[in-house]
Structure formats: C-alpha cells, structure tokens
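Me: I would like to understand how the descriptive words used for a structure follow from its values. Could we go through some of them slowly?

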Amino acid sequence: MTQTAQGHEHAGGPSEAWEVAARVTDPELPMVTLADLGVLRAVRIDADGTVVVEITPTYTGCPAMGVMRADLVHALHRAGFGDVEVRTVLSPAWSTDWISDEGRRTLAAGGIAPPGKAPVRTDGPIPLQLGPTRRTASCPLCGSADTEELSEFGATACKALRRCLSCREPFEHVKEI
Amino acid sequence: MAHEETVYEALDHAHGGEGHWAFGTGFDEPLAGVDTTVPDGVDPAELGEYCLMLGDDALVLAQRLTEWITASPELEEEVAVANVALDLLGQARLLLARAGSVGVLGRSRELATGSIPDEDALAYFRDADEFRNTALVAAPNGDFAQTIVRLLVAATVRLAVFARLRESRDPVLAAIAAKGVHELAYHRDHAARWLLRLGDGTAESHRRAQDGVDAVWPLLADVFSATDLERRLTAAGVAVDPSSTREEVRSVLTEVLERATLRLPEWPAEAPPRGRLGEHGPEVAELLGALQGLARQHPAATW
C-alpha cells in the first residue's frame, strides 16, 4: 500500500489519493462531495501503482454512476495519479445514515433538507406502512418545522418533495433509506 | 475542479472518444469490480436463467410504467411512476448483467454488435419467447387505478422474494436483493396508499379500483408456481421458491384491500408456469416492439 508515483511528480500515496477523490462532488447534488454522501467507500493503491476507488450506488438505478466514475478518474489523473480503476461495491447497501454531518450541513445550506434517521433494517418481512409517511423535515430556507410532503418522489431517485407551511416555499428532502 | 469539462465530454473522454452505443442503459459497466464468481455446485447456465426471470420482470414492468409519462393524472405522480420505473430498470440492468457474466445471452449476442454491453444485448435483442417475465408484469396498464393495483401486487410479490433472496448463496444476487428491498418497500407502500385513496374515495374511484383488482387478480395464477429450475436453485440455496411467499403476499394484499374497502376476489386456481418458460400472450411482443424497435433498426448507432 505504499505510494508509487509512477513517474508523476504530483502523485502521492493512498491518503493523498483519498483526499483527491474525496473532493469530487456528486453530479446531481453538486454542493456535496461523494465522500460526505457516503458513496465513496475506499481508496487504495495496489502493488502495481493502480489507484483503486470503490463507490456504492445510492439507488440501484442511479444514472449518475457513470459520471461519478468519469469525474473520479479525471480528478485523480489531474492530480498526477496514473492508472485509476473505479469499482462498484453493492454490499452493504447504501444508507442515508452514511451521509456525514458536513454533508448534511451543506445539503441544508443548498436548500435541500437532509434525511432523518434511516428506518431500522430487518432480516424478516418489511412491514407495510399504510399511514402517511412519518418523515418530518424542517424547512431549509426558514427553519420552520411546519412542513408537509407534496410527493414521495422527486427530481432524483434519492429525494422527495415537500412544502413549508410557514414561508410557503417548496423544497427537496433527501428521503431516508 | 471535476467539472471543467462538460459531463458528456468527461464521459466521452472516459470512453476513449469511441462513441457510446446510442441505446444503452448507462456509461459504466454495472458489475465493474464486483466478484462474479459462481458459488460451488451451482450451474452457471441455470443461475443466468434465474437472473433473466427476475431481471425481465423488472424490465417489462419498468417499460409498462413509463407508458404513463406525459399521461399521468398529476405531475407528482408522473415523477413517482418514473422513479419507480428507474429503480426497476436499475435492478433489471444488474440482473441482466449478472446473466451475461455467466454467459447466458441466448440468441441476443448473434444479433447485437460486439460493442453493445451484455445487459443491453439481452434487453434489446431477445424475442418474446426468450423473455422469462410473468404475465402479471406484462399485462397492459388499463386505467390509473388498475396500474396502481398491478404495481401493488407486483411490488408485494417481488419484495417477498427479494427479502428471502438476501440470504442467497450467490453474493451478487444477495447484494442486489439487499439493495432492492428498500426500493420495493417504498414502491409497495406508495401503491398501497394510493389504493386506499381510490378504494375509499368517491364512488367512481371505488368502482375503478375494484375493476382494477378484478382485472389484475387472475394474473396471480402462475406467479407462485415454481419452474423445475427455480426448485433446483432453491435447493442449492441460490434462488427463492415463489410458492414460499404466497401466504405472506396474500396477507399483505388482504390487509390493503380491506382497508381500501375493496372486495377481495377469489384467489385464482394454481396454474403451471407459463411466462417463466417464455410462453406469453401477444402483449409481450407488442411491448417489446416499442422497447426494441429503434435499437433493432439502427443496431450500430453511436453518439
């Protein structure tokens, strides 16, 4: 795991590679980095000098994975790293609980309400939820807790649409999963 | 810093500027870096066939749901239906890629040019008799109420299967299932809440919801009938025998229909598997005509 620069004068070891990868932002939530979203799982340097980056999709159908790969490879090349391989990790499945405090802060600052605690994962049958969704979210614009859900789905797979009943502004909410 | 190029320039750069197949589901290999070794004692061809069954259910239902785009009763529901379809398309993509990873490609590879990824070759270049979906997901949408009933039933069945599949000895299937259960639970509960609104709503919405239930219920006939292949793979710890989910599905659907003040139809008599063996009504060929037509007319198109 020691650093092998492969002739690139700016390249460094695994921690430098992590720092470069960790600055890459999400294509659809450009205020948040892949690291703060919990999408970036690991960065290491193999014996032959290849930088191996592991990412996990938020949702199975997330269409942004290809862009994330391209952005990661591009950022690492620009930082002087040579061969870069981006691998998908499917297990364990991504959870919104992996979004860091910094990620939650930048989401809210960008007008998107961060998720609450993810539902407890169980090995057995997943109980039916017939009542209104129990999600709550404070308005990222005025801070009011008096908000309602407009739609359980939003512009990307990871978001729902809500409205603030105090300032009347609609806003997006990263739904708990 | 990562966005100095446009997204498409970056993707083009990542693909060596060779052009991307015009009809593909994505720019990345969906199983890149995932260990696709087949567990000991499992026939790769059978594992691949099983992945086609689960993948085709998702692909066909996704295609049906997207028929609502520009035609949904309200804008939010259009976004919802598209999101559900996107989740299912993602599941289909992984499952068809898994089938391709063990060499199950059927006749599709003969028709598809070499640059087309396996999962796209399977989606676009198989004929109806090579599809392994059940009739439940392939039936025409009907009106919005019937669409919601079918989504409820299909999501409930698939969720029950995926919840068990998390224990599969195939780590790829187990991982796809573990991720899929969260998505499917969301789909099921969304459809269930809609059915409460429709069933316990106006006289007209109740009538349509009941008609939807009556139209969808007969499609349950072969959903729980395992093929020999599913039985063998279940015994090997890889697959889920759909008959093991019947009581759970029946209990969930009964609860929703009762709450929605809808009459529960007779559970249809068991029938031998048809869709899983590639026996379909004409609606599958018709659906595939819409799904595949353009790609088959221009199989070498890139952009």
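**Helices and strands, term by term**

Reply: Let us begin with chain B of this predicted model, where α7(B) passes α9(B) in a right-handed crossing.

Me: What makes α7(B) oblique to α9(B)?

Reply: The axes of α7(B) and of helix α9 (residues 203-216) of chain B cross at roughly 50° and come within 8 Å. Angles under 35 degrees count as roughly parallel and those from 65 to 115 as roughly perpendicular, while the rest, below the antiparallel range over 145, are oblique. With its roughly 50°, the pair falls outside those ranges, and α7(B) is therefore oblique to α9(B).

Me: Which residues make that contact, and how do they divide by class?

Reply: From α7(B) come B:Ala145, B:Gln146, B:Val149, B:Arg150 and B:Val153, and from α9(B) come B:Arg208, B:Ala209, B:Gly212, B:Val213, B:Ala215 and B:Val216. By class there are 7 nonpolar, 2 polar and 2 charged residues, and B:Gly212 belongs with the polar ones because Gly is counted among them.

Me: Why is α7(B) called roughly antiparallel to α8(B)?

Reply: Helix α7 (residues 144-165) and helix α8 (residues 171-199) of chain B have axes that cross at roughly 150° and come within 7 Å. The name roughly antiparallel is kept for angles over 145 degrees, and roughly 150° lies over that limit, so α7(B) is roughly antiparallel to α8(B). The residues of this contact divide into 23 nonpolar, 3 polar and 2 charged, and α7(B) passes α8(B) in a left-handed crossing.

Me: How do you know that α2(B) and α3(B) are roughly antiparallel to each other?

Reply: The reasoning is set out in the same way, for the axes of helix α2 (residues 44-66) and helix α3 (residues 75-101) of chain B cross at roughly 155°. That value is set against the limit of 145 degrees, and the two helices are therefore roughly antiparallel. The axes come within 8 Å, the crossing is left-handed, and the contact has 18 nonpolar, 4 polar and 2 charged residues.

Me: Turning to chain A, what makes β4 and β5 the edges of their sheet?

Reply: The secondary structure of chain A comes to 4 helices and 7 strands, and an open sheet of 4 strands has the order β4-β7-β6-β5, with mixed pairing. In that sheet β4 (112-113) and β5 (147-151) of chain A each have a single partner strand, so one side of each is left without a neighbour.

Me: How do you know that β6(A) pairs with β7(A) and with β5(A)?

Reply: At least two bridges are needed for two strands to pair. Strand β6 (residues 159-164) and strand β7 (residues 170-174) of chain A are joined over 5 bridges in the antiparallel sense, and 4 bridges join β5(A) to β6(A), which also run antiparallel; both pairs therefore meet the requirement. A:Arg162 of β6(A) stands opposite A:Glu149, and in β7(A) its bridge partner is A:Phe171. A hairpin is formed by β6(A) and β7(A), with 5 residues between them, and in its turn A:Arg168 has a positive phi of about 70°.

Me: Lastly, how many residues does each chain give to the contact between them, and what area is buried?

Reply: Chain A gives 47 residues and chain B gives 50 residues. The buried area is about 4100 Å², of which carbon and sulfur atoms give 62%. In chain A, A:Thr60, A:Leu130 and A:Phe153 lose the most area to chain B, together 19% of what that side buries.

Note on methods:
Residues numbered from 1 in each chain as written. Chains lettered and ligands numbered in written order. Predicted model: local features only at pLDDT ≥ 70, side-chain atom pairs only at ≥ 80, totals over all residues. Heavy atoms only, no water. Axes fitted to C-alpha atoms, helices over the stretch in contact; angles between N-to-C directions. Left-handed = near helix turned anticlockwise from the far one by under 90°. Contact = heavy atoms within 4.5 Å. Buried area = accessible area lost by both parts, 1.4 Å probe.
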